[in-house]
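Ready for a walk through a protein model? Open your viewer, pick a cartoon display to start with, and keep the selection tool at hand.

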Amino acid sequence: STPLYSSAASDVYKRQFLTQRNAEIPEPDREDLYDVGCVARVLQVSDMGGSLSVVAIGLTRFRVLAVTEHEDLQRVQVQTIPDLLEQTAEAEAARRALQRLTMELIELRADLPDELTEMVSQLEDAAQLADLVAFGGTLSTGERQSLLAQPDVLSRMRTLIRYLTREIRVAQVSQSFAEKAADEIEAEVESGADLGAAGLCAVFA
């Protein structure tokens, strides 16, 4: 890839991002975009040969309130969506549960890098933890957008705890099937080897 732009973390290069409802539409109109997006600091933009790869750090959420035409430009009115969380025992319990379940899933899933465990274990901010889990999981675009639009961090964590519980169960069942299949294959190989040895002995008997 060819870097078109690269900045240090201290540089201020912010952009507002909205997700398309259908990624196959090459030139989306307003109705093709979700109402809730993210203000992010762009760290790098690379030309991937037909598409762009953008590395960015999310800063805050926003909701589009109105879009007006101004000559050849569009003027967009937005409202910031703050993270809402009371520092209660329930909130801390939810954060710890989300952290524990995330690390358990990472251990079960071979497609998830082990480095994530250290990253998750060091996150003490509940909102950042929830955002990391939502981004790194297998949630649909619609499900991620619902979480993005939810200002209540505790509600986001509850949703993700249910999601992780389900994903862990699926991973455990998949692992059990894989282990059973491996045992059956090993048994068949050993059985074939025993039959081959028995036949060889019969020939020389």
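The stops below go from the whole chain to its hairpin, its pockets and its cavity.

**Stop 1: the whole chain**

Begin with everything selected, and keep in mind that this is a predicted model. Colour by secondary structure and you should find five helices and five strands. Following the chain along its sequence, you meet them in the order β-β-β-β-β-α-α-α-α-α. Now try colouring by burial: of the 205 residues in the chain, 25% are buried.

**Stop 2: a hairpin**

Next, select strand 4 (52-70) together with strand 5 (73-81). These two strands run antiparallel to each other and are paired over nine bridges. Zoom in on the end of strand 4, where H70 has L73 of strand 5 as its bridge partner. The hairpin has two residues between the strands, and E71 takes a positive phi there, near 55°.

While strands are on screen, here is a general point to look out for: in a regular strand, side chains alternate between the two faces of the sheet.

**Stop 3: the largest pocket**

Switch on a surface and look for the largest pocket, which holds about 1300 Å³ of space. Its lining has 33 residues, and a good selection to begin with is C38, G58, D131, F135 and L148, the closest to the pocket's centre. Which elements give two or more residues to this lining? Strand 3 (36-47), strand 4, helix 3 (126-136), helix 4 (141-149) and helix 5 (153-204) do. Colour the lining by residue class and you will get 20 nonpolar, eight polar and five charged residues.

Stay here a moment and select G58, which is part of strand 4. Is G58 buried or exposed? The answer falls in between: G58 counts as partly exposed because its relative accessibility is 48%, and that class lies between the cut-offs of 20% and 50%. Add D131 to the selection and draw a distance between the two C-alpha atoms. G58 and D131 are 73 residues apart in sequence, while their C-alpha atoms are 9.5 Å apart in space.

**Stop 4: the second largest pocket**

Move on to the second largest pocket, with about 170 Å³ of space. To show its lining, select Q16, F17, L18, D29, R30, L33, F62, V64, V67, Q74, V76 and V78. Strand 2 (14-17), strand 4 and strand 5 each give two or more residues to it, so you are back at the hairpin strands from Stop 2. By class, this lining divides into eight nonpolar, two polar and two charged residues.

**Stop 5: the cavity**

Hide the surface and look inside. How many cavities of 30 Å³ or more does a search of the whole structure find? The search finds one, and its volume is about 160 Å³. Of its 14 lining residues, select T102, L112, V133, G136 and G137, which are the closest to the centre. Helix 1 (89-108), helix 2 (115-122), helix 3 and helix 5 each give two or more residues to the lining. The lining comprises nine nonpolar residues, four polar and one charged.

**Stop 6: a charge over a ring**

For the last stop, show the side chains of R21 and Y34. R21 lies over the face of Y34, 4.5 Å from the ring centre. If you go on to look for aromatic rings whose centres lie within 6.5 Å of each other, the count of such pairs is zero.

Methods. Residues are numbered from 1 along each chain as its sequence is written. This is a predicted model: local features need pLDDT of at least 70, side-chain atom pairs count only at pLDDT 80 or more; totals for chains, interfaces and linings use all residues. Side-chain values use heavy atoms; hydrogens and water are left out. On a 1 Å grid over the protein atoms alone, a cavity is a set of points where a 1.4 Å probe fits but cannot get out, and a pocket is an open set with protein on both sides within 12 Å along at least five of seven lines; lining residues have an atom within 4 Å of a point. Grid points are joined across faces, edges and corners, and a volume is the space filled by probe spheres set on the points. Helices (H or I, at least four residues) and strands (E, at least two) are DSSP runs, numbered from the N terminus. Ala, Val, Leu, Ile, Met, Phe, Trp, Tyr, Cys and Pro count as nonpolar, Asp, Glu, Lys and Arg as charged, and the others, Gly among them, as polar. Rings of Phe, Tyr and Trp (its six-membered ring) pair if their centres lie within 6.5 Å; planes under 30 degrees apart count as stacked, over 60 as edge-to-face and the rest as tilted. A charge sits over a ring if NZ of Lys or CZ of Arg is within 6 Å of the ring centre and within 35 degrees of the ring normal. Buried means under 20% relative accessible area, exposed over 50%, partly exposed in between (1.4 Å probe, protein chains only).
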